[in-house]
Amino acid sequence: MDSTDGNDTNGDTPAAATDNGTALCDQTAPSTSATEAIALSARQPDQLRLVVSGFQKFMNAKEVTKILAQGKIDYESLKRAVSTTVAVLRFASVEQREKAATDLVKICVKGRPLRTMVPKPEERRIFHQQDHEQCGSKRKGKLNAPREPDGKRGREGSVEGGGDTLMEESVKTLADVVTPFLSLPYMEQLQQKERDIAVECVQKTFREIKKSYADKNKQLKRAYQHGEGGSDSQPRHVRAPNWAWGGRYAKETFVVEPIVPSPCLEGYRNKCEFTVGRDQEGRPTVGFRMGAFRNGVMQVGGLEEGCVLLDALTQRVVAALQAFIRRRGALPVYDQITHEGVWRYVTVRTSSRTKQCLVCVCAAIEKQGADWAREQAALVDYLTATTPVGMEGEASTPGEASTPGEASTPGEASTPGEASTPGEAVEGESREVNSFSTTSGPSVSMLHAPSEKETSSNKGDSVVAPHGAWTGVTSLFLAPYEGLSNPSADEPLIHLWGSPYLEEELLGLRFRISPQAFFQVNTAGAEVLYQKVIDESLGRGGKKGDGAAEAPRLILDVCCGTGTIGICAAKQLEGRVQAGREIAEDPPGTSTQQDNIAALKGQQADVATSLVLGIEICESAVEDAVENARQNRVGCAAFLCSRAEDILLSVLREKPVSSVSVSPPLPASTGNNATTPVSGGRSGHHVAEEKLAGLSAEVRAALQAVLVDQNSASAGSKTLVAAIVDPPRSGLHADCLRALRNCRHIQRLVYVSCNPSKSLPRDAVALCGPPSQRLKGEAFRPVKAIPVDMFPHTSHCEVVMVFERGDVEIVSENSVQGPDQGEVQGEQRESVTSQVKTET
Ligand SMILES: C[S@@+](CC[C@H](N)C(=O)[O-])C[C@H]1O[C@@H](n2cnc3c(N)ncnc32)[C@H](O)[C@@H]1O
């Protein structure tokens, strides 16, 4: 749904509504005009096509074309599904197709005859079972099951996808696709997740760390055998720390807390991406793809039977949009095979506390000209009218050509106010809408216009678009997109109507969220998650994580999104330290801020506070974060827009930022996320320096106070820096990990992972494994894991893992013993950082 995985993307921002990968490339331009082609495809979507399998996966369209030419196959156009054995041919007539079908099976590729299949209209699949199996569903761990929403687009995560066999896919329902755990009682879901986390995350993390020491020793031994041991009489050896051996040592130093349940089990998703396609009957539909496009599944399942994860507002908007694209004269939906048509995806974001709703429609509009202008105006009128608007017309099925230009605006079709729901205007639609229900609550009733009370409760005190649209929409965006593959998260958006962002409340604070900015998809769950993260990072998490009860001077929020975690942490810290003081009454940016800066410089002992420094790649999220800190009166917060890996080393080095010389501003083209090297010959390092130099003097002074001035006095005892990292599904970049490990002021690191079975164990190795040329800092050790269930009814689970600095010991090879075999002799231990010389 999101993404996250994101992404990940988003991450985080994995486009949920998208299809996971299989691209089709056009080899021959269709001879018909675009409009004719759309009409043709709508009339006879599958009658003129043939799916041909048996090519080799690496063959590109050119090579396939050559084989077809040698076999004298006549066809109109060819699409090649990348990395599969399949190509889809389109023919001018059924006769031409039939002749080709006879001839194609006579062609052999690598000794095997090609196979053909007419795609079934009701399934609209493009692959054979065998081809699908060749694609291979790599369903290894349950935590990696590809089907569920994960909150990170990547990375943010997709509700769709799937990698099961076609046989399995054919019996899937929407609930199977979206909520595979739904049939389990919630307690059992939690137990299952706990078991999965214990094995696939915790045990794996320890195993990988231990293995990294073994690998390092093999490397050292090899180097010694190649004469690189200098005067050493035997190979050097890095001993894995005791805790990494598992058993009682690990038990004593590491704790897995019981899984934290989601406070909300239904309707919890505040963001969802929907595919616009055709359902089993060929009707334009807004919903979820019923399997992976790469597996040939084209069918989109509508929400008529409800979706337990979605709130009523989201379902109402989806129903309204579906009615809109099904109206007579609507522009056609996008076809992923022909790459023709208009409507592609819809993202709906809602805020559970403020009841706002941001909609972003993705459409291929380039070829539509004036037709799109009319359609867009109609869409805005329809979604934002204050009274319910009915839709005239029946669904445009594939057999029914929908002529662009014929579209009458919703207002023309039925005067606003005359029809009370989209369904009432038309019998067919009425059936659709009236059967629209959800197990989570409101069904038909949610299609009413918002009541007086609802409308007024939506009126926030800050700048918000006019509430009161009958659909509940408060912001509307368009993402024009013509590309063949999935749009990336940072495609430009056009603001069509309403507020330019959404607002949500979290832990008593209010946050604005731009359409492209990440926000946790389960708001109530995010509060629980954040509180855990904050408690751990501020050293008040209790058992096995209480080594640093002192408040940090710098809260580093890496991958901070709209600044939520850092701002909440700073606010709570202020509350704790300045107890009784009415911070909210302070005029913004005045005394509190000055006090904070003074405190950070150590000039004012009784007002201790922390500098929040957030780093985030998404520009609009950073703008949100700055505004969120201001609105919530967090006195000392700064946010840098950059890839964390490009800037973290510069941020954490122990050298005054102010000493950096600033060169002229970047050319516009390099943007904020410039990588190394950038145009003009400046390195990524210089870009990072410039960004740092762009911080306010106060913030730079505060950074210096923490990282530079305090060096000699504080080392060791004080927790100067609390590092919180919340990366997309892909995890942290190696340079990020290096900067974190090598910064000695970071005594505690709180890692929030939405991919606990993959990227977390991998990143833990860099944080906790043996030192190297790049990773010179003392190794961390994992002290605690807290699974937090943010995604009920799916297999996904978030994990907070806490790391603290720990000792690594070196002994000579002969004296190595496992922790259960007795203690290693003290005199043979040495500090790794001082002793390991033989590095690669
Ligand atoms: C899982 S989200 C967490 C956001 C935030 N902590 C929150 O809870 O709302 C990951 C964030 O990392 C950002 N991101 C992805 N890659 C990044 C990178 N290389 N450097 C900095 N930020 C990145 C994404 O834009 C996204 O906002």
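Contacts and burial in a predicted model

The side chain of Glu616 places a polar atom 2.7 Å from the backbone nitrogen of Gly561. The structure described here is a predicted model. Glu616 is located in strand β20, which covers residues 611-616. Its relative accessibility is 10%, so Glu616 counts as buried, the cut-off being under 20%. When residues up to four places away in sequence are not counted, Glu616 touches Cys559, Cys560, Gly561, Ala621, Val622, Leu640, Cys641 and Ser642.

Two of the residues touched by Glu616, Ala621 and Val622, are among the buried residues of helix α17. The other buried residues of α17 are Ser620, Asp624, Ala625, Asn628 and Ala629. An α-helix has 3.6 residues a turn, so residues three or four places apart point the same way. Helix α17 consists of 13 residues (619-631), for which a rise of 1.5 Å a residue gives an expected span of 18 Å; the C-alpha atoms at its ends are 18 Å apart, in agreement with that value. Arg633 follows α17 and has a positive phi, near 55 degrees.

Glu616 is also one of the positions that an unreviewed UniProt entry lists under "binding site", together with Gln520 and Asp726. Gln520 is in the loop that runs between β18 (509-513) and α14 (523-537). With a relative accessible area of 1%, Gln520 is buried. Under "active site", the unreviewed UniProt entry lists Cys754. This cysteine, Cys754, lies in the loop between β23 (746-753) and α23 (759-768). Cys754 has a relative accessible area of 4% and is therefore buried.

Helix α14, which comes after the loop holding Gln520, has 15 residues. Its first and last C-alpha atoms are 20 Å apart, close to the 21 Å expected at 1.5 Å a residue. Most of α14 is covered, with 11 of its 15 residues buried. The buried residues of α14 are Thr523, Ala524, Gly525, Ala526, Glu527, Leu529, Tyr530, Val533, Ile534, Glu536 and Ser537. Just after this helix, Gly539 adopts a positive phi of about 75 degrees.

The side chain of Asn522 makes a polar contact of 3.1 Å with the side chain of Ser262. Ser262 is in the loop between β9 (255-256) and β10 (271-278). At 6% relative accessibility, Ser262 is counted as buried. Apart from neighbours within four places in sequence, Ser262 is in contact with Tyr186, Asn522, Asp789 and Pro792.

Val300 belongs to strand β12, made up of residues 300-302. Its relative accessibility of 1% means that Val300 counts as buried. Val300 and Gln280 are 20 residues apart along the chain, and their C-alpha atoms are separated by 7.4 Å. With neighbours within four places in sequence left aside, the contacts of Val300 are Thr275, Gly277, Arg278, Asp279, Thr285, Val286, Gly287, Phe288, Arg289 and Met290.

Aromatic rings were also examined. A search of the whole structure gives seven aromatic pairs. In one of these pairs, Tyr382 and Trp470 have ring centres 5.5 Å apart and ring planes at 70 degrees; the pair is therefore edge-to-face, a class that requires planes over 60 degrees apart. Tyr382 is part of helix α10 (residues 370-384), whereas Trp470 is in the loop between α13 (452-457) and β15 (475-480), so the pair ties together parts 88 residues apart in sequence. Tyr382 has 0% relative accessibility and so counts as buried. Trp470, also at 0% relative accessibility, counts as buried. Both residues belong to a cluster in which ring pairs link Phe324, Trp343, Trp372, Tyr382 and Trp470.

Charged side chains are placed over aromatic rings as well. The charged end of Arg512 sits over the ring of Tyr501, at 4.8 Å from the ring centre. Arg805 lies over the face of Phe780, and the distance to the ring centre is 4.0 Å.

Terms used: Residues numbered from 1 in each chain as written. Predicted model: local features only at pLDDT ≥ 70, side-chain atom pairs only at ≥ 80, totals over all residues. Heavy atoms only, no water. Phe/Tyr/Trp six-rings, centres within 6.5 Å; stacked < 30°, edge-to-face > 60°. Helix = DSSP H or I, 4+ residues; strand = E, 2+ residues; numbered from the N terminus. Buried < 20%, exposed > 50% of the residue type's maximum accessible area, 1.4 Å probe, protein only. Lys NZ or Arg CZ within 6 Å of the ring centre and 35° of its normal. UniProt positions renumbered as here; feature names shortened; annotations may be inferred. Contact = heavy atoms within 4.5 Å. Polar contact = N/O pair within 3.5 Å; in protein donor to acceptor, adjacent residues only side chain to side chain. Expected span 1.5 Å × (residues − 1).
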